[in-house]
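Student: Hi, could we go through the charged pairs in this one together?
Tutor: Sure, let's open it up and take a look.

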Amino acid sequence: MRRVFPYCLLSLVFSSACSTHASPLPSPLPSQVFVPLDGKKMQYAQDIKSAVQIKLHLEKEFNGKQCTVSFNISKKGATHGDFKTEGYKPLCAAAVKAIQDADIPAPPDNEIHEIFKNSVIVFKPY
């Protein structure tokens, strides 16, 4: 396995999840709510992206594939709830593992937590 830093788009989704196993997302994906990212929000998005990328191990076969992962972030930065995925299954498995293993920092305040508590990351290795 080699470590590759993929292009990742972090977008925000407001949805709920209840179990702790990975499951397919219903199609189409839940409605996405994009929030303009100012300084603090942009920094926290970058912190999440960096934390996940450090743990992400990708195979060469993932190049050109895509996976969307929906997950929840607690006020302490822990991921919890159901990891919902859509896309290339082996890439999705690697993405979910990276998110679960990532040391995501706690949101700096309640406003940031409200924005990021239900998040989606789109993984597109190239």
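**Salt bridges, pair by pair**

Tutor: Let's start with a single residue: Lys41 is buried, at 11% relative accessibility. Keep in mind that this is a predicted model.

Student: Okay, why does Lys41 count as buried?

Tutor: Because buried means under 20% relative accessible area, and Lys41 has 11%.

Student: And which side chain does Lys41 meet in a salt bridge?

Tutor: That of Glu111, with an N to O distance of 3.7 Å. The pair connects distant parts of the chain, as Lys41 sits in helix H1 (residues 39-55) and Glu111 in helix H3 (residues 110-116), 70 residues apart.

Student: Is Glu111 buried or partly exposed?

Tutor: Glu111 is partly exposed, with a relative accessible area of 44%.

Student: Zooming out, how many salt bridges does the structure hold?

Tutor: Four. Among them is the one between Asp101 and Lys97, whose closest N and O atoms are 2.7 Å apart.

Student: Where do Asp101 and Lys97 lie?

Tutor: Both are in helix H2 (residues 89-101), four residues apart, which is about one turn of the helix. Asp101 is partly exposed at 33% relative accessibility, and Lys97 is partly exposed at 49%.

Student: New topic: which residue forms a salt bridge with Lys117?

Tutor: Glu114 does, and the closest N and O atoms in that pair are 3.0 Å apart.

Student: How about accessibility there, are they buried or partly exposed?

Tutor: Lys117 counts as partly exposed at 26%, and Glu114 is partly exposed too, at 40%.

Definitions and conventions. Residues numbered from 1 in each chain as written. Predicted model: local features only at pLDDT ≥ 70, side-chain atom pairs only at ≥ 80, totals over all residues. Heavy atoms only, no water. Helix = DSSP H or I, 4+ residues; strand = E, 2+ residues; numbered from the N terminus. Buried < 20%, exposed > 50% of the residue type's maximum accessible area, 1.4 Å probe, protein only.
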